[in-house]
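Work through the exercises below with the sequence and the model open. Each task is followed by a stepwise solution.

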Amino acid sequence: MKVGILDSTLREGEQTPGVVFTMEQRVEIAKALSDLGVSMIEAGHPAVSPDIYEGIKRIVKLKREGEITSEILGHSRAVKRDVEIASELEVDRIAIFYGVSDIHLKAKTKTTREEALNVIADVVGYAKAHGVKVRFTAEDATRTDLNYLVRVAKTARDAGADRISIADTVGILYPTKTRELFSYLVREIPGVEFDIHAHNDLGMAVANALAAVEGGATIIHATVNGLGERVGIVALQSVAAALKYHFNVEVVRLDKLVSVSSLVEKYSGIPTPPNFPITGDYAFVHKAGVHVAGILSDPRTYEFMPPETFGRSRDYVIDKYTGKHALKDRFERLGVKLDDREMEQVLAKIKSSQGTRYFRDVDLLEIAEEVTGKVLKPRP
Ligand code: HCA
Ligand code: CU
């Protein structure tokens with residue numbers, strides 16, 4: 001299966017409310033993404049602000065010097081000024097977007113469908129004339145009349161775009177529909193390759209991205225920690241794990257996802273919830289007695305991929321849900337010997353506690369000392 005990742009943390013990700021990356025942070029994130037192995041980095045929309053412009057310039061320089069290997073893209077509205085600014089930066093590819101649904105044509109550009117086709121042909125052709133590769137993004141593609149969407153894509157292709165991004169800008173797709181849409185477009189429009197840009201408004205962005213790949217898309221847009229407008233887009237860590245598990249393709253270095261996630265968490269100021277897939281603090285932490293007994297016997301009972309794949313380790317927490325297997329294991333690890341009766345007494349105390357969220361090792365030792373009447377020394 002041919003599929004790669006375009007990471008848009010520096011463009012879409014910075015469209016998260018409250019997120020602004022400094023120039024240094026942009027460069028550091030781009031380097032980390034390249035080390036991770038993403039095929040493409042959408043480094044920003046250079047016409048937006050001088051610091052984004054400067055950040056892209058530095059990233060392009062590192063690309064020239066071989067420190068970054070991913071293809072570097074600059075985002076651009078379908079206006080010549082934006083194209084000029086992006087091509088001045090010598091990015092590898094310009095990504096030109098235009099809202100093509102009737103809603104967008106009417107409310108934003110105030111163009112007819114026919115006029116829009118002319119603008120698209122004109123601006124894509126203009127970018128090509130600057131000698132740069134072009135991706136055309138059909139913004140709001142998923143609310144666009146299908147016949148018209150095909151005309152849009154063919155117009156962009158004929159003007160020189162070799163990639164078309166199908167943007168689910170408002171996040172309304174679901175997987176079966178996504179697969180059908182991409183299969184249809186791939187069949188109808190030879191000579192280009194397709195990107196899926198899936199927003200997560202219904203929580204289905206990752207599923208839609210996989211479905212698009214089944215339909216023939218070859219690039220998935222993602223951001224670290226799923227950042228982006230409103231609730232964001234495909235989270236890089238989730239889609240990378242899903243592609244590995246379901247299709248056995250490793251689009252990025254899975255063991256580096258945690259460090260890249262932490263880096264972006266720090267620089268974006270957007271905390272990643274502990275229950276976030278793959279890189280969240282609790283992604284491999286188990287709790288219920290039945291679950292912990294299961295993983296102690298064979299981790300595959302409650303894990304579909306070993307945490308080591310992602311450079312992580314498994315753990316479990318102790319509270320009133322705990323069973324005797326977990327407790328026995330925990331005391332063994334602490335190097336404290338309790339007989340069965342004592343163990344049961346400790347467990348009874350834990351279960352009858354009200355409102356205690358976690359029993360740390362020190363709490364467990366305290367309870368065990370109470371039960372045994374001995375001073376217990378844990379293994380250092
Ligand atoms: C936006 C633009 C975009 C573009 C996606 C792309 C979208 O509305 O901010 O270039 O592939 O979601 O349509 O992010
Ligand atoms: Cu978007």
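**Exercise 1.** Is Thr137 buried or exposed, and what is its relative accessible area?

*Solution.* The model is predicted: local features need pLDDT of at least 70, side-chain atom pairs count only at pLDDT 80 or more, and totals for chains, interfaces and linings use all residues. Residues are numbered from 1 along each chain as its sequence is written, chains are lettered from A and ligands numbered from 1 in the order in which they are written, and side-chain values use heavy atoms, with hydrogens and water left out.

Step 1. Thr137 has a relative accessible area of 6%. Buried means under 20%, exposed over 50% and partly exposed in between, with a 1.4 Å probe and protein chains only, so Thr137 is buried.

Step 2. Place the residue: Thr137 lies in strand β5, residues 133-139. Strands (E, at least two residues) and helices (H or I, at least four) are DSSP runs, numbered from the N terminus.

Step 3. Residues up to four places away in sequence aside, Thr137 is in contact (heavy atoms within 4.5 Å) with Ile96, Phe97, Tyr98, Ser165 and Ala167.

**Exercise 2.** Describe how strand β7 is placed among its partners.

*Solution.* Step 1. Strand β7 spans residues 193-198, and 5 of its 6 residues are buried.

Step 2. β7 pairs in the parallel sense with β6 (residues 163-168) over 6 bridges; pairing requires at least two DSSP bridges. Ala167 has His197 of β7 as its bridge partner.

Step 3. β6, helix α7 (residues 175-188) and β7 form a right-handed β-α-β unit. Right-handed means that, with the strands pointing away from the viewer, the path from the first strand over the helix to the second runs clockwise.

Step 4. β7 also runs parallel to β8 (residues 219-222), joined by 2 bridges, and Asp195 stands opposite Ile219 in β8. From β7 the chain crosses through helix α8 (residues 205-215) to β8, and this crossover is right-handed.

**Exercise 3.** Which residues lie nearest the centre of the largest pocket, and how many residues line it?

*Solution.* Step 1. The lining of the largest pocket holds 24 residues, with Arg11, His75, Phe97, Lys108 and Glu139 nearest the centre.

Step 2. Elements that give two or more residues to this lining are β3 (71-77), β4 (93-99), α4 (102-109), β5 and β6.

Definitions and conventions:
On a 1 Å grid over the protein atoms alone, a cavity is a set of points where a 1.4 Å probe fits but cannot get out, and a pocket is an open set with protein on both sides within 12 Å along at least five of seven lines; lining residues have an atom within 4 Å of a point.
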